[in-house]
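Biologist: Please take a close look at one part of this model, the surroundings of the ligand, and describe them in one connected account.

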Amino acid sequence: MEYDVIMIGSGPGGYTGAIRCAQLGLKTAIIEKYPSLGGTCLNVGCIPSKALLDSSEHFYNAAHTFAEHGIKLADLQVDLAQMIKRKQEVVDVTTKGINFLMKKNKIDEIHGVGSFVDPHTIKITKADGSEQTITGKNIIIATGSKPSSFPSMPIDKKRVITSTEALKLGEVPKHLIVIGAGVIGAELGSVYARLGAKVSFVEFADSMIPTMDKTMGKELQKAIKKLGADFYFSHKVTKVENTGDEVVVSADTPKGEQITLTGDYCLVSVGRRPYTDGLNLEAAGVKADNRGRIDVDEHLRTNVPISTRWAM
Ligand SMILES: Cc1cc2nc3c(=O)[nH]c(=O)nc-3n(C[C@H](O)[C@H](O)[C@H](O)COP(=O)(O)OP(=O)(O)OC[C@H]3O[C@@H](n4cnc5c(N)ncnc54)[C@H](O)[C@@H]3O)c2cc1C
């Protein structure tokens with residue numbers, strides 16, 4: 001099968017791009033590694049985190065503000081399993097909407113890991129081990145990102161977790177240590193703080209959401225502090241250890257002293273890295289740096305030109 005465009009990755013970059021290509025009359029295929037479309041945003045990012053923010057806000061208001069309005073609730077409890085189930089239902093409805101859009105726009109949906117064989121050929125390795133090869137005049141890489149970490153904070157997905165695991169915990173942590181007070185740490189830290197967890201933020205920079213507006217960072221900190229959270233700014237995490245039932249986080253203070261914090265979960269939210277693993281970029285001659293970031297020009301074109309044989 002030969003396509004005008006092959007899109008690798010079905011996140012907000014991939015599915016919207018694929019729809020636009022199809023609308024322009026191009027024969028388009030979309031390849032996605034996971035069974036559901038929508039990428040990080042719909043499956044383990046924007047949508048599920050907002051679903052949990054919504055649910056946790058309801059709980060927080062019921063616990064802390066309803067009484068002032070003359071509404072009394074006896075025996076208020078968090079049913080986390082139901083909260084996570086509802087979140088998954090929200091995700092499922094949204095991702096099914098993307099399947100519908102693919103069908104509506106006659107885009108072929110192929111599930112499996114895509115990797116380059118040459119600049120115009122993609123091999124797709126499916127979950128059952130079988131392989132399919134397709135060719136395309138143009139190939140768009142929209143493979144997104146994965147949570148990153150540092151060697152001092154090895155992720156075990158049990159007690160030392162990323163945002164992906166934090167979106168489906170089996171219990172409300174007693175003490176959640178959040179490394180990195182950026183947007184993802186702030187969101188998920190506030191979800192669990194609202195549900196009753198003690199939350200401590202350990203951040204290398206001197207404020208929350210440090211890459212953004214300072215005033216917003218201060219306002220966000222004020223709001224999260226009201227939930228009872230602690231903040232350790234300008235602290236450098238040196239070690240994270242899963243000791244079985246607990247996690248011990250060691251950090252250097254701005255004065256060069258060392259502190260340790262003990263919690264039951266540690267969320268590592270120190271940023272995300274390009275997800276170009278397994279793409280076999282070399283076979284297409286696509287240049288990337290040693291962190292997997294693809295070199296692109298101001299039009300987001302890679303270094304590989306469209307050959308005249310294939311140009312549309
Ligand atoms: C907890 C959290 C909350 C967030 N909240 C927000 C928010 O509120 N607002 C906002 O704007 N952004 C938010 N984001 C960021 C947002 O999710 C990303 O910016 C967005 O998903 C990027 O889209 P993308 O299409 O580039 O990549 P992705 O959504 O990551 O999609 C890439 C897809 O490519 C697939 N893929 C990768 N390699 C291959 C391969 N070789 N073969 C086949 N498929 C492959 C992946 O499986 C994935 O499905 C949040 C992120 C997280 C983690």
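Modeller: In this predicted model, α2 gives the most to the shell around the ligand, contributing four residues. The shell as a whole comprises 32 residues, and the closest of them are G13, E32, T40, K50 and G114. By character, these shell residues divide into twelve nonpolar, 15 polar and five charged.

Turning to individual polar contacts, a backbone N or O atom of G13 lies 2.8 Å from an oxygen atom of the ligand, while a polar backbone atom of G114 is 2.9 Å from a ligand nitrogen atom, and a polar backbone atom of K33 is 3.1 Å from a nitrogen atom of the ligand. Of the 1000 Å² of accessible area that the ligand has on its own, the protein covers 77%, and the space that the ligand takes is the largest pocket.

Several elements line up behind this picture: those that give two or more residues to the shell are α1 (12–23), β2 (28–32), α2 (39–44), α3 (46–64), β4 (113–118) and α6 (183–194). At the level of domains, both domain 1 (2–146 + 273–284) and domain 2 (149–270) give residues to the shell around the ligand, and the ligand therefore lies between them.

Methods. Residues are numbered from 1 along each chain as its sequence is written. This is a predicted model: local features need pLDDT of at least 70, side-chain atom pairs count only at pLDDT 80 or more; totals for chains, interfaces and linings use all residues. Side-chain values use heavy atoms; hydrogens and water are left out. A residue is near a molecule or strand if one of its heavy atoms lies within 4 Å of it. A polar contact is a pair of N or O atoms within 3.5 Å; within protein, one must be able to donate a hydrogen and the other to accept it, and residues adjacent in sequence count only if both atoms are side-chain atoms. Accessible areas come from the Shrake-Rupley method with a 1.4 Å probe; for residues, only the protein chains shown count as cover. On a 1 Å grid over the protein atoms alone, a cavity is a set of points where a 1.4 Å probe fits but cannot get out, and a pocket is an open set with protein on both sides within 12 Å along at least five of seven lines; lining residues have an atom within 4 Å of a point. A molecule sits in a cavity or pocket if more than half of its atoms lie within 2 Å of its grid points. Ala, Val, Leu, Ile, Met, Phe, Trp, Tyr, Cys and Pro count as nonpolar, Asp, Glu, Lys and Arg as charged, and the others, Gly among them, as polar. Domain bounds come from an automatic or database domain assignment.
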